[in-house]
Amino acid sequence: MILLLALSLVALLFWVGLTLDRTRSWPGELMLDTEPGRSEDVVVAIVPARDEAEVIAASLGSLLQQSHEALSILVVDDGSTDDTAAIVRDVGDTSSRVCGLVTAAAPRDGWSGKVSALATGVDEANERWPQIDWLLFTDADIAHHPESVRALIACAREDDRDLVSVMAR
């Protein structure tokens, strides 16, 4: 029993130390190139949103400013009780890029709300656009750099990847 307690304490101290270590940072090689190549691949951004009225307009605005022209945006309203859907519709009225607002059904059995909303978005995107080269899953509170979609595609193509995942700053 004492051995188990000692091992648990060592593990706890390790993780606390790792968490509090402010000298650790993300490796630079994971940063996206600021001058990516050009691509006309069809990209659909799927944005799950639940009660995001305070941030959704800024997030969609940053997606609307993307230099990648073959980008469509699909917002999946995941049971919002605020003005999220109305704001998305208003933004959609000002741009052809915001191509849709979908209301998510109740989460699928055994699925969390956001993952189920993303799956709803994928299903809807596949119905609306017969040829999608890439899906961009992004949260409703992320402001994107104008070159982020091109940079993600360039990163994927450069290393022959099917998936690129980066952290937001």
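Two strands are taken to pair if DSSP finds at least two bridges between them. Helices (H or I, at least four residues) and strands (E, at least two) are DSSP runs, numbered from the N terminus. The structure is a predicted model, in which local features require pLDDT of at least 70 and side-chain atom pairs count only at pLDDT 80 or more, whereas totals for chains, interfaces and linings use all residues. Residues are numbered from 1 along each chain as its sequence is written, and side-chain values use heavy atoms, with hydrogens and water left out.

An open sheet is formed by 4 strands in the order 3-2-1-4, with parallel pairing. Its edges are strand 3 (98-103) and strand 4 (134-137), each of which pairs on one side only. Neighbouring strands are turned by 20° against each other on average, direction ignored; axes are lines fitted to C-alpha atoms, for helices over the stretch in contact, and angles run from 0 to 180 degrees between N-to-C directions. Strand 2 (residues 71-77) is joined to strand 3 by 5 bridges, and I73 stands opposite V98 of strand 3. The chain passes from strand 2 through helix 3 to strand 3 in a right-handed β-α-β crossover, where right-handed denotes a clockwise path from the first strand over the helix to the second, with the strands pointing away from the viewer. D77 of strand 2 faces T103 in strand 3. Helix 2 (residues 56-64) packs on the sheet and touches strand 1 (43-49), strand 2, strand 3 and strand 4, its direction making about 160° with that of strand 2; contact means heavy atoms within 4.5 Å.

Strand 1 and strand 2 run parallel and are joined by 7 bridges, and the bridge partner of P48 in strand 2 is V76. The crossover from strand 1 through helix 2 to strand 2 is likewise a right-handed β-α-β connection. Because 7 of the 7 residues of strand 2 are buried, this strand is largely enclosed by the rest of the structure (buried, under 20% relative accessible area; exposed, over 50%; partly exposed, in between; 1.4 Å probe, protein chains only).

The largest nonpolar core, a set of buried Ala, Val, Leu, Ile, Met, Phe, Trp, Tyr and Cys residues joined through side-chain atoms within 4.5 Å, has 20 residues, and L60 and I73 have the most contacts inside it. Strand 1, helix 2, strand 2, helix 3, strand 4 and helix 5 (148-158) each give two or more residues to this core. Apart from this core lies another of 11 residues, including I46, V102, W129 and I132.
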